[in-house]
Every structure is written in structure tokens, then in C-alpha cells.
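Colleague: I have some questions about how the labels in this model were assigned. Could you take me through the reasoning, one label at a time?

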Amino acid sequence: MTRETVIFPEKRKKFYSLFQHLRNKPFFYHLKNNLNTRNSIYNDARRYDDIHWWKKNDLDFWTNIFSEISGNTVLELACGTGRLAFNLVREGADYTGLEISPDFADLAKKKLTKAGNAVSIISGDMRNFKLNKTFDLIFIGFNSFLHLLKDKDAISCFESVKKHMHENTRFIIDIFTPNPLFLYRPEDSRFPVLEYTNSKTDEHVCVEESNIYDRDTEINELTWYFSTKKKKDFAVEHFSMRMYFPSKMNQILIDFGFKIFHQWGDYYRTDLNEGSKLQIYDVQLGN
Ligand SMILES: C[S@@+](CC[C@H](N)C(=O)[O-])C[C@H]1O[C@@H](n2cnc3c(N)ncnc32)[C@H](O)[C@@H]1O
């Protein structure tokens with residue numbers, strides 16, 4: 001449980017609704033899930049949308065990819081609050097989104113009901129899902145793949161993805177390239193990361209970040225500290241990301257049996273190179 005959940009009464013409501021969502025699954029299923037993901041940053045969907053007001057540079061990339069695929073069925077894994085879904089549905093996608101956070105899945109559903117019938121948001125884990133159909137495009141956008149903390153998580157995800165691919169399906173992963181300058185910052189220091197306006201209260205919020213990187217597991221444990229002028233650290237949230245270097249991505253994709261058609265280093269499809277900030281893999285089933 002996060003410090004925020006303990007302190008603020010409105011969070012108790014959220015905590016209660018979390019338990020409502022849990023009632024259909026065995027307790028240990030959720031315990032294991034939470035231990036594996038540890039991402040309290042994804043407990044509040046509205047705040048996620050407030051925080052990511054600036055993230056627009058990938059929208060055209062995904063609609064362009066959609067315009068090139070052989071059909072119109074799209075599966076987005078870890079779809080969040082539906083940030084990327086909206087444009088795809090508008091362009092004619094028969095869209096399915098899979099998301100682990102119940103609060104995020106609910107908000108995505110709410111936002112996308114307006115977009116039409118060709119939308120389905122499913123609560124689930126990208127490490128293990130079964131939808132009994134194939135898709136023309138399957139993708140994992142905006143660093144969500146980095147929440148697969150171990151090789152075995154990535155491989156389970158690939159196994160599920162493969163069951164939903166046909167011979168022309170494109171499977172695309174978009175993640176950032178780990179930057180040693182960022183990973184090896186002093187552990188006891190905080191760094192400004194972003195600012196946003198709380199859409200409920202209109203307050204200006206500043207977010208600082210600290211991180212601890214374990215070079216053996218390649219897992220970066222991040223903490224975000226939320227402050228307003230009136231209240232420092234009114235919320236403190238955690239999340240974990242596995243740092244996948246390009247060599248590792250190549251190894252796990254190829255070892256799994258995927259064929260890599262493109263490795264891009266940005267949303268303009270420049271080939272991946274040593275200076276690339278992003279790694280975008282466009283793969284299909286191998287022979
Ligand atoms: C950085 S957000 C990206 C959300 C959305 N794709 C976007 O572009 O805005 C990462 C998302 O991954 C989800 N997530 C993390 N682990 C997951 C898992 N194992 N299965 C499904 N979703 C997961 C989180 O709940 C969160 O919504």
C-alpha cells in the first residue's frame with residue numbers, strides 16, 4: 001500500500017473499489033500480480049491523463065502504421081486509459097485494448113464508448129491472455145513493455161502474442177533506450193521530471209523523481225514525489241522498469257522465433273543507431 005492510500009480519505013474509496021474488482025479471482029492471483037508489477041503510479045487514471053498532457057509525438061506514428069496494415073483489427077497491450085486508441089478507432093480500427101489496472105481500463109472504456117462499437121477494453125495481464133482471435137496489428141506502446149521485469153515475463157507475453165498472430169500480423173514494440181546518465185544518478189537525490197495541472201482542483205503540480213538501478217537485474221526502481229505550492233510530497237508513488245538494451249531486445253525477439261523487419265530509433269522511422277533515444281521493433285512470425 002502506498003503512503004498516499006493511507007493518508008487521504010478519497011483514496012480509501014479507490015482502495016475499496018479495487019477490492020470489488022478482485023472478487024472474481026483468487027486472492028493469491030492478485031497478490032502475485034501486484035508483487036510482479038509494483039506500480040502504484042498506475043492507481044489513478046485521471047491523474048495519468050493529467051500528467052501525460054504533453055505526450056503527443058507518437059500519435060501519428062501509430063495511425064500511419066494502422067494505415068499500412070493488411071486489415072483493420074488491432075490489439076494494444078497495456079492500453080492504459082486509451083490515449084492511443086482514440087485516433088485508431090477514428091481511423092476505422094476494430095480495436096481491442098488489454099490493461100492490467102482496473103481504474104485505467106474503466107476510464108478507457110468510458111472515453112471510448114463515444115468512439116463507436118468497434119472497441120473492446122479487456123482487463124488482463126499481457127503476460128497471459130487468450131482472446132481466441134487473431135489481429136492484423138498487435139502493439140505495445142509508450143514503454144509499457146518495460147514493465148515486463150524479467151526475461152520470463154517477456155517470453156510469456158510473446159507466447160500469448162503469438163497465439164493472436166496470423167502470418168501477416170505486425171507486432172510492434174515502442175520503448176526508450178536506457179541512458180546510463182539517467183540510471184546512475186545519485187540514489188539519494190531528487191530530480192525535477194515534469195509539471196501538470198490537476199484537472200479536478202486546477203492546482204499546479206510539480207513532480208520530482210529519484211531512482212535506484214540494480215545492474216544485475218537491470219531493474220530501475222523509480223519514485224515520483226508530487227508537490228503543490230501548499231503541500232510538499234502530497235503523494236509518493238513507485239514504479240519499476242526493466243532496462244532493455246538493444247542487444248537484449250534483439251536476443252529475446254530472435255531467440256523466441258520472431259523475424260525483425262525494422263528497428264527504428266524514433267517515430268520518423270530513422271534506423272536505430274547508437275544515439276537513438278527510442279527503440280521501436282517491427283516484427284512478424286518467423287518461418
Ligand atoms: C506508460 S503506461 C502506457 C499506457 C498507454 N499504452 C499509453 O500509451 O498511454 C503503461 C501501462 O502498462 C500497464 N501495464 C503494466 N503492466 C502490465 C501488464 N502486465 N499487463 C497489462 N498492462 C500492464 C499499466 O497499468 C499502464 O497502463
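**Strands, burial and unusual angles**

Modeller: Gladly. Let me begin with a pairing: β4 and strand β5 (residues 165-176) run parallel to each other, joined over five bridges. Please keep in mind that this is a predicted model.

Colleague: What makes β4 and β5 a pair?

Modeller: The cut-off is at least two bridges between two strands, and β4 and β5 have five, so they count as paired. One of the contributing positions is L137, whose bridge partner in β5 is R170.

Colleague: Which strand pairs with β4 (residues 135-140) over three bridges?

Modeller: That is β1 (residues 73-77), again in the parallel sense. Across from β4, E76 stands opposite F139, and L75 stands opposite I138.

Colleague: Why is β4 described as largely enclosed?

Modeller: Because five of its six residues are buried, β4 is largely enclosed by the rest of the structure.

Colleague: Where do these strands sit in their sheet?

Modeller: The sheet is open and has seven strands, in the order β3-β2-β1-β4-β5-β11-β10, with mixed pairing. At its edges are β3 (119-123) and β10 (258-264). From one strand to the next, the twist averages 20°.

Colleague: How do you know that β3 and β10 are edge strands?

Modeller: Each of them pairs on one side only.

Colleague: What is the strand order in the antiparallel sheet?

Modeller: It is β6-β7-β8-β9, an open sheet of four strands. The edge strands there are β6 (191-197) and β9 (235-242), each pairing on one side only. Neighbouring strands in this sheet are turned by 25° against each other on average, direction ignored.

Colleague: How many bridges join β7 and β8?

Modeller: There are nine, between β7 (residues 204-214) and β8 (residues 219-227), in the antiparallel sense. In that pairing, Y213 stands opposite N220 in β8. In total, the protein has ten helices and eleven strands.

Colleague: Let us turn to single residues. Why is S160 called buried?

Modeller: A residue is buried if 20 or more other C-beta atoms lie within 10 Å of its own. S160 has 20 within that radius, so it is buried. This residue belongs to helix α8 (residues 151-163).

Colleague: Which residues does S160 touch, leaving out those up to four places away in sequence?

Modeller: N128 and F129. S160 and N128 are 32 residues apart in sequence, yet their C-alpha atoms are 5.8 Å apart in space. For the protein as a whole, residues 24 or more positions apart account for 62% of the contacts with a separation of 6 or more.

Colleague: What is unusual about A78 and D233?

Modeller: Most residues other than glycine have a negative phi. A78 has a positive phi of about 60° although it is not a glycine, and D233 has a positive phi of about 55°, also without being a glycine. A78 is in the loop between β1 and α6 (85-90), whereas D233 is in the loop between β8 and β9.

Colleague: Is A78 buried or exposed?

Modeller: A78 has 25 C-beta neighbours inside 10 Å, so it counts as buried.

Colleague: And why is D233 called exposed?

Modeller: The cut-off for exposed is 12 or fewer. D233 has 11 other C-beta atoms within 10 Å, so it is exposed. Over the whole protein, buried residues make up 29% of the 287 residues.

Colleague: Which residues come nearest to the ligand?

Modeller: A78 is one of them, along with G80, R83, I100 and F142, out of 20 residues around the ligand. By class, that shell has nine nonpolar, seven polar and four charged residues.

Colleague: Which members of the largest nonpolar core touch the most other members?

Modeller: They are V74, A85, L88, A108 and I138, from a core of 49 residues. I138 is the β4 residue that stands opposite L75. L88 is in contact with W62, T63, F66, V74, A93 and Y95, leaving aside its neighbours within four places in sequence. As a general tendency in soluble globular proteins, nonpolar side chains are buried together.

Key: Residues numbered from 1 in each chain as written. Predicted model: local features only at pLDDT ≥ 70, side-chain atom pairs only at ≥ 80, totals over all residues. Near = placed C-beta within 6 Å. Nonpolar A, V, L, I, M, F, W, Y, C, P; charged D, E, K, R; others polar. Core = buried A, V, L, I, M, F, W, Y, C linked by C-beta atoms within 7 Å. Contact = placed C-beta atoms within 7 Å. Helix = DSSP H or I, 4+ residues; strand = E, 2+ residues; numbered from the N terminus. Axes fitted to C-alpha atoms, helices over the stretch in contact; angles between N-to-C directions.
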